[in-house]
Amino acid sequence: MRHSDVYAIASKDIVFESFDGEAVVLDLSTGKYFGFSDSGSRLWQALSSGISAQALVGQSAGGATISIAELEGFISRLLEFGLLAPLADTPAQPVSADRLAELAQTREPIKVEVHDDLADLIIVDPIHEVEEPQGWPAVKQTS
């Protein structure tokens, strides 16, 4: 495991919502959004709420047992995307039996996908950066 195995959402520009148990995370600074498998969604929710990575190793998810390598790979991607940041000297939150049960009920392998097809529209300021008189979503062209 890494030096710190407790994480938090990396910035205020990272927002997320769960739809039927699957998390969609949006980075408002880049316009990229991230889709998770059901097991990835549960891990995202656990890690972003301060549960230690070590507490998740060996648990059931996606029909298998979470290995250290698999979890480190997942966390590395979240760090690379700028979604999570490690917290030094921060005590971990306890993992509840309900959260572990939700994780065990997942059926898909741990996965996160990156989408940037709407980035140009997401990062534009709809008040100041639109083409008048067309308005939103016509983005003002720079010359």
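Which strands does helix α1 lie across, and at about what angle does the helix run to β3? In this predicted model, helix α1, spanning residues 38-48, lies across β2, β3 and β4. Its direction makes an angle of about 60° with β3, the strand formed by residues 22-27.

The strands beneath this question belong to an open sheet of four strands, and a walk through the sheet follows the order β2-β3-β4-β8, with antiparallel pairing. Two of these strands sit at the edges, namely β2 (14-19) and β8 (112-115), each of which pairs on one side only. On average, and with direction ignored, neighbouring strands of the sheet are turned by 20° against each other.

The pairing of β4 with β8 can be followed down to single residues. Strand β4 covers residues 33-36 and is joined to β8 by four bridges in the antiparallel sense. Here phenylalanine 34 is found opposite valine 114, a residue of β8.

A stop outside the sheet is offered by alanine 92, which is placed in the loop between β7 (84-86) and α3 (97-104). Is this alanine 92 buried, exposed or partly exposed? Its relative accessibility is 38%, and because partly exposed covers the range between under 20% (buried) and over 50% (exposed), alanine 92 counts as partly exposed. Once neighbours within four places in sequence are left aside, the contacts of alanine 92 are with Val6, Gly50 and Ser52. Alanine 55 lies 37 residues from alanine 92 along the chain, and the C-alpha atoms of the two are separated by 9.1 Å.

Notes
Residues numbered from 1 in each chain as written. Predicted model: local features only at pLDDT ≥ 70, side-chain atom pairs only at ≥ 80, totals over all residues. Heavy atoms only, no water. Pairing = 2+ DSSP bridges. Helix = DSSP H or I, 4+ residues; strand = E, 2+ residues; numbered from the N terminus. Axes fitted to C-alpha atoms, helices over the stretch in contact; angles between N-to-C directions. Contact = heavy atoms within 4.5 Å. Buried < 20%, exposed > 50% of the residue type's maximum accessible area, 1.4 Å probe, protein only.
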